[in-house]
Amino acid sequence: MDLFEYQGKQYFARFDIPVSPGGAADTVDEAVKVADASGYPVVVKAQVQVGGRGKAGGIKLANNAEETRFHANNILGMDIKGHVVKRVWVEHASDIEEEYYASFTLDRAAKKHLLMLSAQGGVEIEEVAEKDPDAIIKLHIDPVDGLSAAAAHKAAVDAKIPAKALDGVAKILVQLYRCFTEGDCDLAEINPLILKPTGEVHALDAKVSLDDNADFRHPEWAEYRATEELDSREQLARTHGLQYIGLDGTVGIIANGAGLAMSTLDVVNQVGGTAANFLDIGGGANADVMAAALEVINFDDKVTSIFINIFGGITRGEEVAKGIVEALSRVTLKAPIVIRLDGTNAEEGRKILADAGIPESTLISKPTMLEAARAAVAISNGK
Amino acid sequence: MAIFVNQDTKVIVQGLTGGQGKYHGLRNQAYGTQVVGGVTPGKGGTDVEGVPVFNSVAEAVAATGANASFIAVPPKAASAAILEAAAAGIAFIVCITEGIPAQDEAKVFNTLIRDYPKTRLLGPNCPGIISPGKCNIGITAGEIAELPKAGKKNVGIVSRSGTLTYQALYELKQRGIGVSTCVGIGGDPVPGTNFIDCLREFQNDPETDAIIMIGEIGGSAEEEAAEFIKANVTKPMSAYIAGVTAPAGKKMGHAGAIVSGGKGTAQGKMDALRAAGVKVGLNPTEAGDLMAEIIKSIS
């Protein structure tokens, strides 16, 4: 789960990482109230999970209440690359002497934690990596050992952080590493990490991505879940506990297993169609799961055919078939189903479907993944 | 021969008294796997349909001589279960648990490397391993795996995805091609066993004549495997990579299946494998067809 900047800053604050005084606001009046409390000048920042906010006019400096009102009014409701701004973060504007970059991630290839640190911050790190790769230092950290204060200090020296900022940067690195590990982040990034003329170092931005698998030990994440940017289809799927990702196509997809679901998207695409979603119903596809899956697919107005792709391993063909028959008695579908049922007990499953008296306009069975994809795409494309 | 597990492998099930552990553990036993015991703290001395249950892995190993463990416990308990098995001297651990936090996984992986270098972990979040006719640990339905045939060419399978592992087994079964061992390495960011570990074993396994590899988007495991294949694998291979059409920035079900920052795309992986001489199919059936051609050409 990706956090908004303001949530990232609030999360940072839990780990004592210094951030600017400020607050989130959903309305112009609230924005002015936060600005008054933070002290002028303030920065009004659009809260969207997409890069390039500044260029799009989503970050503005305001010297007084009137300017805050003007900018907040413009930014709230603004469309930035398809993301509508519902909330702004207003904080006291910092005097910036220098800008750095710091992040922690997991390096999957090395299977170690990775610190990336650069004395060149405030720009896209990918840009720095391309133009001046030596300006970024990369330090692998053994997760068993963790990051010591001494190692953090050495990293800062290696990254050519100037002497006056060394202690401040090293301290924040240790705090950010704690946020990354104890806070169960996939990514904890500060860009820019700033040095103020007063000599203090602090986080001017926050990019945090949380590991969904660690949800069970972070009850405090519930408030982040509530603001997660999901479309209405994804919200419905979540209430049913389904692994669903909304896409833009017209063929609704239901498959068992993440790999097979991905593969189903690929095959639909190969035969000239477009998938409306990714949906993995997992193992043991009973009637309840199937009904929920069909309900979510049915909710999507763009869907003009439904491709159910099941490979029975532990999931048994006859159970899937019974599930579909029962689900059809509960849900009235707007689009026909093409099913490919293979693997364990597939024969019995196909027989159950054939004997259920479901009209061909509602359900067609095909023997292979490719044939089923072709049929589903043909229907979807109106052929 | 086969890789990692065979008819002599003795397995204990950590979590045998739980729903998944019981169901799959007993299925593995019914397949012919030597399931010699189970472990559930506090339930030592009882049994599950005749399989004795112990309080700890150490007790189970002492009593049964087990050398492999099948872990089917919830995410909260999985890290401790893996380390307990390693500390008890278990050489091969299969962990099917889905949903272990990445931080825990990274810690366990590095602890194993440092403190228990002789222990191999398969998974977590994997379907397990089957050497058809000899040993099945995990959730693979044994009946979809074709037995290896003496005097014929047999295939090894390694896959990051569960259902696509089954699909690969099924593609081979339909074509009557035998399987030496099928390994599901799992879709998490830090798998205990990776493609290269399996490819090295398959390359050295006299029963394996060709290899199918099933990858998916995210990370760089397939690219690293391609480098290894170029330098070390002489046996012919076919492959399939899932997720050509997956949108960037979205986790496709598996925690590790995500294209981020333009990295980890299916296209990049397919290109790398092709450059290493692997025949790459655009869907699992095509990978099966390509393998059938390979078998024909080497038979």
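# A guided tour of chains A and B

Begin by selecting His113(A), which is buried, with 23 other C-beta atoms within 10 Å. (A residue is buried if 20 or more other C-beta atoms lie within 10 Å of its own, exposed if 12 or fewer, and partly exposed in between, with C-beta atoms placed from the backbone.) This is a predicted model, in which local features need pLDDT of at least 70 and side-chain atom pairs count only at pLDDT 80 or more, while totals for chains, interfaces and linings use all residues. Residues are numbered from 1 along each chain as its sequence is written, and chains are lettered from A and ligands numbered from 1 in the order in which they are written.

## Around His113(A)

His113(A) belongs to strand 8 (residues 112-118) of chain A. Helices (H or I, at least four residues) and strands (E, at least two) are DSSP runs, numbered from the N terminus. Leaving aside neighbours within four places in sequence, display the contacts of His113(A): Phe104(A), Leu106(A), Ile141(A), Pro143(A) and, from the other chain, Ala106(B). Two residues are in contact if their C-beta atoms, placed from the backbone, lie within 7 Å. Add Asp142(A), which is 29 residues from His113(A) in sequence and 6.4 Å from it in space, C-alpha to C-alpha.

Next select Lys111(A), in the loop between strand 7 (98-107) and strand 8 of chain A. Its phi is near 60°, a positive value in a residue other than glycine. Lys111(A) counts as buried because it has 20 C-beta neighbours inside 10 Å. Most residues other than glycine have a negative phi, and most peptide bonds are trans.

An exception of the second kind comes next: select Asn191(A) and Pro192(A), which are joined by a cis peptide bond with omega of about 5°. Pro192(A) lies in strand 10 (residues 185-195) of chain A.

## Chain A as a whole

Now show all of chain A, whose C-alpha trace spans about 80 × 50 × 40 Å along its principal axes. Its secondary structure comes to 13 helices and 18 strands, and 49% of its 383 residues count as buried. Of the contacts in chain A between residues at least 6 apart in sequence, 71% join residues at least 24 apart.

Colour chain A by domain: domain 1 (21-92), domain 2 (98-225) and domain 3 (232-380). These bounds come from an automatic or database domain assignment. The centres of domain 1 and domain 2 of chain A, taken over C-alpha atoms, are 26 Å apart.

Select helix 11 (residues 317-330) of chain A. At 1.5 Å a residue, its 14 residues should span 20 Å, and its end C-alpha atoms are 20 Å apart, which agrees. The expected span is 1.5 Å times one less than the number of residues. Among the buried residues of helix 11 of chain A are Val320(A), Ile324(A), Ala327(A) and Leu328(A). Their cover includes helix 10 (287-298), strand 16 (305-312), strand 17 (337-343) and helix 12 (346-355) of chain A.

## Where the chains meet

Show both chains: 44 residues of chain A are in contact with 48 residues of chain B. On the side of chain A that touches chain B, the largest share, eleven residues, comes from helix 9 of chain A. The residues of this side divide into 20 nonpolar, 14 polar and ten charged. (Ala, Val, Leu, Ile, Met, Phe, Trp, Tyr, Cys and Pro count as nonpolar, Asp, Glu, Lys and Arg as charged, and the others, Gly among them, as polar.)

## Chain B

Colour chain B as domain 1 (10-122) and domain 2 (145-298). Their C-alpha centres lie 27 Å apart, and seven residues of domain 1 of chain B are in contact with eight residues of domain 2 of chain B. Helix 4 of chain B gives the most to the domain 1 side of that contact, with four residues.

Select helix 7 (residues 221-232) and helix 8 (residues 266-275) of chain B, which pack at an angle of about 5° with their axes 8 Å apart. Axes are lines fitted to C-alpha atoms, for helices over the stretch in contact, and angles run from 0 to 180 degrees between N-to-C directions. Helix 7 and helix 8 of chain B are therefore roughly parallel to each other. Angles under 35 degrees count as roughly parallel, over 145 as roughly antiparallel, 65 to 115 as roughly perpendicular and the rest as oblique.

Finish at Pro124(B), in the loop between strand 7 (120-122) and strand 8 (128-131) of chain B. The peptide bond from Gly123(B) to Pro124(B) is cis, with omega near 5°.
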